[in-house]
2 protein chains.
Amino acid sequence: MSDAFDNLCAHTREIALLNSIESLLDWDARCKLPQEGNAYRTEQQAYVAKLVHEKQIDPRIGQWLEEVQGTDLSADPQSDSATVIREAQRNYDKQTKLPTELVEALTRATNDGQHAWVEARRENDFGKFLPYLETVYRLKREQADAIGYDQCRYDALLDDYEPGEKTTTVRAALEALRQELVPLLEAIQSSGKRPDRSVLTRDYHVECQEAFGLEAARAIGFEFDRGRLDVTHHPFCTEAGPDDCRITTRYDANFFNMAFFGILHEAGHGIYDQGLRKSYYGLGPGHYLSLGIHESQSRMWENQVGRSKPFWDYWYPRAQQQFDSLGDVSQEDFYFAINHVEPSLIRVEADELTYNLHIIIRFELEQALINEEIVPVDLPDAWNAKYKQYLGIEPPTDADGVMQDVHWSAGLVGYFPTYSLGNLYAAQFYHQADKELGGLDELFRRGEFLELKRWAGEKIHQRGRNLTPAELVNEVTGEPLTHSYLMEHLKSKLEPLYGI
Amino acid sequence: MSDAFDNLCAHTREIALLNSIESLLDWDARCKLPQEGNAYRTEQQAYVAKLVHEKQIDPRIGQWLEEVQGTDLSADPQSDSATVIREAQRNYDKQTKLPTELVEALTRATNDGQHAWVEARRENDFGKFLPYLETVYRLKREQADAIGYDQCRYDALLDDYEPGEKTTTVRAALEALRQELVPLLEAIQSSGKRPDRSVLTRDYHVECQEAFGLEAARAIGFEFDRGRLDVTHHPFCTEAGPDDCRITTRYDANFFNMAFFGILHEAGHGIYDQGLRKSYYGLGPGHYLSLGIHESQSRMWENQVGRSKPFWDYWYPRAQQQFDSLGDVSQEDFYFAINHVEPSLIRVEADELTYNLHIIIRFELEQALINEEIVPVDLPDAWNAKYKQYLGIEPPTDADGVMQDVHWSAGLVGYFPTYSLGNLYAAQFYHQADKELGGLDELFRRGEFLELKRWAGEKIHQRGRNLTPAELVNEVTGEPLTHSYLMEHLKSKLEPLYGI
């Protein structure tokens, strides 16, 4: 190994260590910090962020990269050394291509934007939010132009969350998905059938929910000697070190779904993080591949596994023991209730099917904004029209419509599609795992979930960033990304339930 | 204000911010960290410690100090500006006076020493520990010589924990204390009276202990919007920011004292930290004065307040409501049980009286070692002889004798006396507060504890490091440190209980 390569690795690991400290500060702020401690915590986090930034733009990185480019170390693109180099180059470019003034302007605009969003949403006043949104989008366009792109401007932003992925590919998959989702949703709506959802909103004691959730998370393979579960308002998963993965949830004593499927979801994220190669912690080969691939792991455990019949063949008797409220509920009724599909206004509360339509609407609109095909002032109308068209409902207010998500105010443009990409990847990976492992249903009925974890670990988690998401999907499933496995998954579950 | 002074403040605050991050990493490691996360956490803590050290020896500090020394800013020694300067000078001297090789040798010796201590203690093999102990003491002598001292070598070490305090003063006070404690203990032993301690080792549900402890901590003034209480094996109090004080305790479901008096103790430390001036966080005027003064605040709430009759006049009916086990126990019997005095082997389990004899033994022995009046190989015999002489008992093993504490293996020489200094300060301060506030007993009987907190805040906490411990005692009580208030406190409580 060359000195330059070793220095590059050491320096990148130092950045990762500082980032891991920032993660702990952030986790603590969201889970444990006394109320009055917030102001100083902000100073601590800003200080660490400053240290990270100084290290990220260290010009020595550029010199080390020059020395290692074109050597044997970077020859095989999927090798660990080439991946270390490629990732370091990618990060260095992102940090150094943007003019300092633009970075500062973005920081200000997204800080101000988030504050304005909170207020405007509370007051249901889009006009108040509008100038901030205009500024954010103007700066995001400048950012895309400074970073550069081949085909379309949106590529430069998407790349922040789905490295190497192209807008055209994502658009093709999500467009095909939408064209099949809308008629399926209409058929469900017209079926006249609906489950009794009230069984899910009975008394569910928080302690029992916690015990049951912990048991399930452990069973699917989240390692609690390398992680924890805590309570927060907004659930998340974070890593404060290679053996320190922290997931969170929130409990509603009168709603079963929130905590349980939330825990499966976050545990899925956690299992991905815990499955990364520790020896490459902080470097490309030990880094999660993309937000879409990350989401595929959470969605797979939440939906493909956690909302399946065989899963509940094993867990339902246990759930009935744990919760008195389920004593008189048949497994069939419970299963229908947790799989009910119905158009609704709020993305984060949406079901497995309509969730994707919420995402597709945002994806289409943010592309239009970035390409200046629409202007922010027209956004509420465009939003409402799409909700009418795809979901058949119209938001009564902008607060429950175009202003429901924090993302745009925070400058997260290009982020939304990764949620649905996660659903597509999840279905496609799961289909392959089922084939290779000779039928997962039978394993799940026996309460055996670790085979799937092992499979995903080997095929997905341990591959790190050694290849692009598109290459990974090809490598794992033998074909490119397609919407057909998600549609197959939804149809095979929902058509019998709704008799369509 | 001069630029040099501003720069000095900003730089010192930066060090404090890094230290506060280190405190959080440490708190988390002791309270929350998943088992396997330890190795990487050690790296994170070492990294922050390295950043702190680099900042502490920054030669610009020396330049700024030169510029501000002798100016108006340092003219009045008790002013805030002079205190900032004095503390910065003190820290800079400590960091720069020691040769790098000595610092490194001490780090190695104390790391190795602690590991060896754990093993030697487990195997009850002092011989195994001996060479490590010899090395630590040799290096501590070198440290004292490098730092320098006027009167005696031990001064240079004591100063790390009790800034500005002199060995002769401490020795005089503790010697006088010992001469009165030993006969008082003998009288108690000969009285033939002893309480029924079994009432304290009944069932005490952990949830009830937690609720009761939280209520008491809140009542004496620990602010939970600026702090938290968690569970650890070794209780402690730490600050992760000016509004983020974290105390810990441990619960034994079959022993009342451990958690309850532990919580009062740590809450006392926390109240001190929360009472420091926030605007000077990280600078001398906002820094706790000394370990002895810190301990005085924990001991005052634990012993002067928490083991007093009036305290339990208010709390005992509440305790009986909370704990079924106290239903048939009279307040008098409970009060005698929590104040029982009896010689025992282990310092951390000792009662309010004999605790000081444990400390005095260590204080005498570590002075003798530093002055080379005895050598480490003779330590077990010297230890056992003193236990016989002062406490009338002899340790059956070195594990429960000379090897019971981690301090010496960790290089903490000069630390022990601060525990008893804390008891002396506590009694002397409390006597003064009682006088000035017109009788605390009556307030306590009504459940009013915040007057004492306010008094200590104004007289002690807000004074920071603007004066020495000796100056503070004089300022607050109008006389120098004396053992007589602690003796008065112990006698007035114990003589009636034991009928002596």
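**Exercise 1.** In what order do the three strands of the open sheet in chain A stand, and what is the pairing?

*Solution.* The model is predicted.
Step 1. Read the order across the open sheet: β1-β3-β2 of chain A. The pairing is mixed.
Step 2. Find the edges. β1 (227–231) and β2 (237–239) of chain A each have a single partner strand, so one side of each lacks a neighbour in the sheet.
Step 3. Take the twist. On average, neighbouring strands of this sheet are turned by 20 degrees against each other, direction ignored.

**Exercise 2.** Identify the sense in which β2(A) and β3 of chain A pair, then find what packs on the sheet.

*Solution.*
Step 1. β2(A) pairs with β3 (residues 245–249) of chain A in the antiparallel sense, over three bridges.
Step 2. Pick out a bridge: A:C237 has A:I247 in β3(A) as its partner.
Step 3. Add the helix. α1 (residues 3–31) of chain A packs on the sheet and touches β1, β2 and β3 of chain A. The direction of α1 makes about 145 degrees with that of β2(A).

**Exercise 3.** Describe the contact between the two domains of chain A from the side of domain 1.

*Solution.*
Step 1. Set the bounds: domain 1 spans 1–97 and domain 2 spans 106–500 of chain A. Their C-alpha centres lie 27 Å apart.
Step 2. Count the contact. Domain 1 of chain A supplies 20 residues, domain 2 of chain A 22 residues.
Step 3. Assign the elements. On the domain 1 side, α1 and α4 (80–97) of chain A give two or more residues. α1(A) gives the most, with 12 residues.
Step 4. Sort that side by character: seven nonpolar, five polar and eight charged residues.

Conventions
Residues are numbered from 1 along each chain as its sequence is written. Chains are lettered from A and ligands numbered from 1 in the order in which they are written. This is a predicted model: local features need pLDDT of at least 70, side-chain atom pairs count only at pLDDT 80 or more; totals for chains, interfaces and linings use all residues. Two strands pair if DSSP finds at least two bridges between them. Helices (H or I, at least four residues) and strands (E, at least two) are DSSP runs, numbered from the N terminus. Axes are lines fitted to C-alpha atoms, for helices over the stretch in contact, and angles run from 0 to 180 degrees between N-to-C directions. Two residues are in contact if their C-beta atoms, placed from the backbone, lie within 7 Å. Domain bounds come from an automatic or database domain assignment. Ala, Val, Leu, Ile, Met, Phe, Trp, Tyr, Cys and Pro count as nonpolar, Asp, Glu, Lys and Arg as charged, and the others, Gly among them, as polar.
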